[in-house]
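Biologist: Before I plan anything at the bench, I would like to go through this structure with you, one question at a time. Could you show it to me first?

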Protein chains: 2
Amino acid sequence: MTKILQDDRSATIDAQFKALSDGTRRALLEHLVREGEQSVHALTAISGVSQPMVSRHMAKLKRAELVTVRRAGRETFYAARAKGLAPVVQWMAVYGALWSQRFTALEGIEA
Amino acid sequence: MTKILQDDRSATIDAQFKALSDGTRRALLEHLVREGEQSVHALTAISGVSQPMVSRHMAKLKRAELVTVRRAGRETFYAARAKGLAPVVQWMAVYGALWSQRFTALEGIEA
DNA sequence: AAATGCCATAACCATAGGGTTATGAATGAT
DNA sequence: ATCATTCATAACCCTATGGTTATGGCATTT
């Protein structure tokens with residue numbers, strides 16, 4: 001075994017948090033969520049970065065299982081993946097719960 | 001103005017996602033959430049990295065407003081900050097909502 | 001067949017980032 | 001006063017990463 005504290009689930013969580021930690025990548029993902037499936041060409045147009053950079057960002061989002069790919073002729077369409085955020089949401093649920101549980105008594109005190 | 005798409009809120013979101021994107025940092029934060037306030041010394045003991053590294057990780061978590069600090073003598077105590085995850089949770093709520101809204105019809109199809 | 005358009009990969013640069021050891025400033029103990 | 005403990009910062013190394021331009025492979029158009 002490699003690292004005890006890094007099973008498959010936390011590996012995915014790690015990949016997802018890392019994928020979401022870049023503003024450009026989040027913007028691309030947000031655009032997919034709002035507008036639906038988009039080609040690399042279209043994403044490049046709204047991203048503010050070069051086409052190769054978009055391709056690399058999308059590759060990273062794909063490795064994090066946050067998007068799906070569909071190739072059609074010379075175009076490549078990316079789409080937000082259903083249930084993609086599940087691992088991160090679950091992490092938030094677990095620690096958010098403990099968190100609020102621990103701080104329930106303080107609710108309202110801190111801004 | 002600097003960047004249009006990066007207001008104060010998204011700056012915090014950026015810092016939080018970045019802060020959460022490292023496994024060691026998440027482990028430290030998880031420990032604080034589960035066990036409550038801890039000194040740097042105690043955190044170093046369970047972190048698997050050197051004390052200076054712990055200090056730097058905690059500094060980053062603090063900048064992301066995910067922890068609070070309390071100095072007592074020669075010890076420094078860190079604690080998970082109440083409502084710390086709020087910005088990220090809100091982001092998840094917004095995009096998670098659009099997400100599930102978009103995919104409601106597909107529920108159950110994709111694994 | 002030739003030209004054009006779309007995309008991924010390679011090569012490269014600069015900076016950020018995780019890790020270390022060394023050091024110094026305070027505080028607490030002897 | 002001296003010694004020991006706790007922590008933050010500095011200096012350094014190496015890798016990861018965001019960005020670029022250049023290139024080549026396919027698909028579509030002409």
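Biologist: Let us start with one arginine: is Arg26(A) buried or exposed?

Modeller: This is a predicted model, and every value I give you is computed from it. Residues under 20% relative accessible area are classed as buried. Because the relative accessible area of Arg26(A) is 5%, the answer is buried.

Biologist: Which residue forms a salt bridge with Arg26(A), and how far apart are the closest N and O atoms?

Modeller: Arg26(A) belongs to helix α2 of chain A and its partner to helix α1 (residues 8-20) of chain B, so the pair joins two chains. The partner is itself buried, at a relative accessible area of 13%. The closest N and O atoms are 2.8 Å apart, and the partner of Arg26(A) is Asp14(B).

Biologist: In chain A, which residue meets Asp14(A) in a salt bridge?

Modeller: Asp14(A) sits in helix α1 (residues 8-20) of chain A, and with 13% relative accessibility it counts as buried. Its salt-bridge partner lies in that helix as well, four residues apart, about one turn of the helix. That partner is partly exposed, with a relative accessible area of 35%. The two side chains meet at 2.6 Å, N to O, and the residue is Lys18(A).

Biologist: Leaving aside neighbours within four places in sequence, which residues is Asp14(A) in contact with?

Modeller: Contact here requires heavy atoms within 4.5 Å. With the sequence neighbours within four places set aside, the residues in contact with Asp14(A) are Ser21(B), Asp22(B), Gly23(B) and Arg26(B).

Biologist: Where in the chain do Glu37(A) and Arg70(A) lie, and how many residues apart are they?

Modeller: The side chains of Glu37(A) and Arg70(A) meet in a salt bridge at 2.8 Å, N to O. This pair links distant parts of the chain, with Glu37(A) in the loop between α2 and β1 (38-39) of chain A and Arg70(A) in strand β2 (residues 67-72) of chain A, and their separation is 33 residues.

Biologist: Turning to the nucleic acid, which element gives the most to the surface near DNA strand C?

Modeller: Elements that each supply at least two residues of this surface include α3 (40-47) and α4 (51-63) of chain A, together with α2 (23-35) of chain B. By class, the surface has six nonpolar, nine polar and nine charged residues. With five residues, the element that gives the most is α4(B).

Biologist: Which residue places an N or O atom of its side chain 2.9 Å from a base oxygen of DNA strand C?

Modeller: Of the atoms of DNA strand C within 4 Å of the protein, 62% belong to sugar or phosphate and the rest to bases. On the phosphate side, a polar side-chain atom of His57(B) lies 2.7 Å from a phosphate oxygen, and a polar backbone atom of Thr76(A) is 3.0 Å from a phosphate oxygen. The base oxygen is 2.9 Å from a side-chain N or O atom of Arg56(B).

Biologist: Finally, over how many bridges do β2 and β3 of chain B pair?

Modeller: Strand β3 (residues 75-80) of chain B has five of its six residues buried, and it pairs in the antiparallel sense with strand β1 (residues 38-39) of chain B over two bridges. Between strand β2 (residues 67-72) of chain B and β3(B), Arg71(B) has Thr76(B) as its bridge partner. The pairing of β2(B) with β3(B) is also antiparallel, and the number of bridges is six.

Technical notes. Residues are numbered from 1 along each chain as its sequence is written. Chains are lettered from A and ligands numbered from 1 in the order in which they are written. This is a predicted model: local features need pLDDT of at least 70, side-chain atom pairs count only at pLDDT 80 or more; totals for chains, interfaces and linings use all residues. Side-chain values use heavy atoms; hydrogens and water are left out. Buried means under 20% relative accessible area, exposed over 50%, partly exposed in between (1.4 Å probe, protein chains only). Two strands pair if DSSP finds at least two bridges between them. A residue is near a molecule or strand if one of its heavy atoms lies within 4 Å of it. A polar contact is a pair of N or O atoms within 3.5 Å; within protein, one must be able to donate a hydrogen and the other to accept it, and residues adjacent in sequence count only if both atoms are side-chain atoms. Ala, Val, Leu, Ile, Met, Phe, Trp, Tyr, Cys and Pro count as nonpolar, Asp, Glu, Lys and Arg as charged, and the others, Gly among them, as polar. A salt bridge is a side-chain nitrogen of Lys or Arg within 4 Å of a carboxyl oxygen of Asp or Glu.
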